[in-house]
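Got your viewer open and a selection box ready? Let's walk through this one stop by stop, with something to pick at each.

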Amino acid sequence: MEEFVRKILAKIGIDSDRFVLKWASAAEGPRFVKLITDFTDRIKSLGPLREPGGVSKDDELQIKLLAARSALEKAKLRTGLGNLTKGFRKEGDYSDQQIKDKVNEKLTKSIGTEIDRNETLLRIQKQGPIAIDDLTEKIGVSGTDVEKYVAAFRKKGLVVKAEGRLSATK
Amino acid sequence: MGQKFNPKILGFMCNWCCYAAADSAGVARYQYPPNVRTIRMMCTGRMDPLFIIDAFCVGTDGVFVGG
């Protein structure tokens, strides 16, 4: 899961060092203190994630985060991760390298497309009516990919096109 | 402003391991930075990638998961 989350954070432009998963047993108070101190120092050196003033609904980071959120709620990435862990169990290999390789091989691509797809819909809902070129520029992926996502949304009736601009239905 | 940056860190901790470790560190009076807001969970196996994304959504600067 650690590697999976790191990939997602990297995809939406958050330094993956902002997330850490560590182990300390109940008897390891001093180790815990060291882990927390190191992590706090690391975050301090990375600086604040957002501008002072905190969370605003429309900032770019928030849209990316919400896109990742809706991508994670859906079955595709969750089953992907579940199937991956099944594979580790079968082979009995849980080394960091193995996990890294497998996540790279099996999930990186679908993490990318799922988040982009959800971001496309989210932006049409929030910022529509919007021209497809603006959409492509903001998401920062190739136009053909965005067109593909939009075509699927139009087919499902989630998005309509009027005067060359896209808006969400309802 | 010139204020020192005080990061907001969210800590998810297992009741039986890291949370107990935090407790014992407190009892033994070890000093550690007060930036971590702790959420105690019964097992880190309950962790879900969504929780971490949610944490960043509501404005934390870092997420620490301790098992």
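A residue is called exposed here when its relative accessible area is over 50%, and buried when that area is under 20%, with partly exposed in between. Keep in mind along the way that this is a predicted model.

**Stop 1: helix α7 of chain A**

Select residues 132–139 of chain A, which form helix α7. Start with the outward side: A:Asp133 and A:Glu137 are exposed. Now turn to the other side and colour A:Leu135, A:Thr136 and A:Ile139, the buried residues of this helix. Look down the axis of α7(A): these buried residues fall within an arc of 95 degrees, so they line one face of the helix. The general background is that an α-helix has 3.6 residues a turn, so residues three or four places apart point the same way.

What covers the buried residues of α7(A)? Show α3 (60–73), α6 (108–127), β2 (130–131), α8 (143–156) and β4 (165–168) of chain A, which are among the elements that cover them. Just after the helix, pick A:Gly140, where phi is positive, at about 80 degrees.

**Stop 2: two residues of α7(A)**

Stay in helix α7 of chain A and zoom in on A:Thr136. Is A:Thr136 buried or exposed? Its relative accessibility is 14%, so A:Thr136 counts as buried. Leaving out residues up to four places away in sequence, A:Thr136 touches A:Val141, A:Ser142, A:Gly143 and A:Val146.

Next, select A:Ile132, also in α7 of chain A. With a relative accessible area of 22%, A:Ile132 is partly exposed. Beyond its neighbours within four places in sequence, A:Ile132 is in contact with A:Val146, A:Glu147, A:Val150 and A:Leu166. Try a distance label from A:Ile132 to A:Arg165: these two are 33 residues apart in sequence, yet their C-alpha atoms are 6.8 Å apart in space.

**Stop 3: α6 against α7 in chain A**

Show α6(A) together with α7(A), which pack at an angle of about 130 degrees with their axes 11 Å apart. That angle makes α6(A) oblique to α7(A), and the crossing is right-handed. To see the contact, select A:Asp116, A:Glu119, A:Thr120, A:Arg123, A:Ile124 and A:Gln127 on α6(A), which meet A:Leu135, A:Lys138 and A:Ile139 on α7(A). Colour this contact by class and you will find three nonpolar, two polar and four charged residues.

**Stop 4: across to chain B**

Now bring in helix α2 of chain B (residues 49–57), which packs with α3(A) at an angle of about 160 degrees, the axes lying 10 Å apart. That makes α3(A) roughly antiparallel to α2(B), and α3(A) passes α2(B) in a left-handed crossing. On the α3(A) side, select A:Gln62, A:Leu65, A:Leu66, A:Ala68, A:Arg69, A:Leu72 and A:Glu73; on the α2(B) side, the residues they meet are B:Pro49, B:Leu50, B:Ile53, B:Asp54, B:Phe56 and B:Cys57. The residues of this contact divide into nine nonpolar, one polar and three charged.

For another link between the chains, pick A:Trp23, in the loop between β1 (19–22) and α2 (29–46) of chain A. A:Trp23 is exposed, with a relative accessible area of 51%. Setting aside residues up to four places away in sequence, A:Trp23 touches A:Glu28, A:Arg31 and A:Leu35, as well as B:Thr44 and B:Gly67. From A:Trp23 to A:Leu35 is twelve residues in sequence and 9.1 Å in space, C-alpha to C-alpha.

**Stop 5: chain B as a whole**

Show chain B by itself as a cartoon. How many helices and strands does chain B have? There are two helices and three strands, and along the sequence they follow the pattern β-α-β-α-β. The C-alpha atoms of chain B fill a box of roughly 40 × 35 × 10 Å along the principal axes. Of its 67 residues, 52% count as buried. Among chain B contacts between residues at least 6 apart in sequence, 77% join residues at least 24 apart.

Finish at B:Arg29, in the loop between α1 (18–27) and β2 (36–41) of chain B. Most residues other than glycine have a negative phi. B:Arg29 is not a glycine, but has a positive phi of about 60 degrees. At 73% relative accessibility, B:Arg29 counts as exposed.

Conventions. Residues numbered from 1 in each chain as written. Chains lettered and ligands numbered in written order. Predicted model: local features only at pLDDT ≥ 70, side-chain atom pairs only at ≥ 80, totals over all residues. Heavy atoms only, no water. Buried < 20%, exposed > 50% of the residue type's maximum accessible area, 1.4 Å probe, protein only. Helix = DSSP H or I, 4+ residues; strand = E, 2+ residues; numbered from the N terminus. Arc of directions from axis to C-beta. Contact = heavy atoms within 4.5 Å. Axes fitted to C-alpha atoms, helices over the stretch in contact; angles between N-to-C directions. Parallel < 35°, antiparallel > 145°, perpendicular 65-115°, else oblique. Left-handed = near helix turned anticlockwise from the far one by under 90°. Nonpolar A, V, L, I, M, F, W, Y, C, P; charged D, E, K, R; others polar.
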